[in-house]
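Please open the model in your viewer and keep the selection tool at hand. The tour below moves from one selection to the next and says what is found at each stop.

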Amino acid sequence: MSIEIIKQIKDYLVAGEVEKREVVKVTTAIKPDLTVEEAYQAQELLVQHKLDEGHKIVGPKMGLTSKAKWDQMGVSEPIYGYVFDYQLVDNGGVVPFQIHPKVEAEIAFLIGEDIEGPGITAAQVLAKTEYVLPAIEVIDSRYENFNFTLTDVIADNASTSRVVFGNTLRKPSEFDLELVGATLSVNGKIRELGAGAAVLGHPANAIAVLANMLARKGEKIKKGDLILSGALTGAILVNVGDFVSAKFDGLGEVTLTMGE
Ligand code: 0L1
Ligand code: MG
């Protein structure tokens, strides 16, 4: 694919994010036969664009980490994107409304040592994790009516929009992370519940898959990366003024209010 088309895809998606408006999916508007490799190239340009603007990467994020989502999208591995510093909101804070946000309860990993694939296992991930902490991810696909294919969502940085991390940091050895339960409530009503096992059987599996996917392009997970491992729960569409709370066994509560 020519670099011009990759740039066109990046500019198209940046405009959607900056102007807070839906766009028709890339595979309809620009390139119907966009491959996974090309989609990650477009994502890399989008990430570079944000770095050039002075934003800093907090860490990668994993998306589509449940078997149910794989079946829904006809895929057999998760996807990744990147979270930036400007996308962080304090626990209890107000999340600026963008396009059509959805919330997910996730477990995040603060990485203590570089993790370089291939062949990384969940046990190796856990040995190199400094802390785990709870999070709410706010995803906000730029695509009209959430109508997208796998390659569209990869190019769109895996729908990343905002992240709220909780304040409880625990050593992963203190838990069976696959057994950690979570509830996700909106305006005081529980709307979703789940457990760590919903994330590829164990959230550390998602981080191991990430290390092995990054290794294909000669990259690794870095010490200090703060990584979202994927949703324990389904994603819930939220509106302006909604109060969102995620409660995790042993990891406390994360809250946010959807602003304007
Ligand atoms: O974090 C996620 O799992 C989101 C992946 C992208 C799909 C979506 O926007 O629903
Ligand atoms: Mg997510």
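Which residues surround ligand 1? This is a predicted model, and in it ligand 1 is surrounded by Lys-61, Gly-63, Leu-64, Lys-69, Glu-104, Glu-137, Ile-139, Phe-148, Val-153, Ala-158 and Ser-159. Select these residues together with the ligand, and colour them by class if your viewer allows it, since the shell divides into five nonpolar, two polar and four charged residues.

**The polar contacts of the ligand**

Keep the ligand on display and turn to Lys-61, where a polar side-chain atom lies 2.8 Å from an oxygen atom of ligand 1. Next select Glu-104, which has a side-chain N or O atom 3.2 Å from an oxygen atom of the ligand, and then Lys-69, where the corresponding distance from a side-chain N or O atom to a ligand oxygen is 3.3 Å. With a surface switched on, consider how much of the ligand is covered: on its own it has 310 Å² of accessible area, and the protein covers 96% of this.

**The strands and the pocket**

Now show the cartoon and select β1 (57–63) and β6 (129–139), each of which supplies at least two residues of the shell around ligand 1. If you display pockets as well, you will find that ligand 1 sits in the largest pocket.

**The enclosed spaces**

Leave the ligand and look for cavities, of which there are two of 30 Å³ or more. For the largest cavity, which holds about 40 Å³ of space, select Leu-13, Glu-17, Leu-46, Lys-50, Gln-87, Arg-142, Asp-156, Asn-157 and Thr-160, the residues that line it. The elements giving two or more residues to this lining are α1 (3–18) and α3 (36–52), and by class the lining residues of the largest cavity divide into two nonpolar, three polar and four charged.

For the last stop, select Gly-16, Glu-17, Gln-98, Ile-99, Asp-140, Arg-142, Ser-161 and Arg-162, which line the second largest cavity. About 40 Å³ of space lies in this second largest cavity, and the elements that give two or more residues to its lining are α1 and β7 (160–165). The residues of this lining comprise one nonpolar, three polar and four charged. Before closing the session, highlight Glu-17 and Arg-142, which belong to the lining of the largest cavity and also to that of the second largest cavity.

Notes
Residues numbered from 1 in each chain as written. Chains lettered and ligands numbered in written order. Predicted model: local features only at pLDDT ≥ 70, side-chain atom pairs only at ≥ 80, totals over all residues. Heavy atoms only, no water. Near = heavy atom within 4 Å. Polar contact = N/O pair within 3.5 Å; in protein donor to acceptor, adjacent residues only side chain to side chain. Areas by Shrake-Rupley, 256 points an atom, 1.4 Å probe, with all protein chains shown as cover. 1 Å grid on protein atoms, 1.4 Å probe; cavity = no way out; pocket = protein on both sides within 12 Å on 5 of 7 lines; lining within 4 Å. Sits in = over half its atoms within 2 Å of the grid points. Helix = DSSP H or I, 4+ residues; strand = E, 2+ residues; numbered from the N terminus. Nonpolar A, V, L, I, M, F, W, Y, C, P; charged D, E, K, R; others polar. Points joined across faces, edges and corners; volume = space filled by probe spheres on them.
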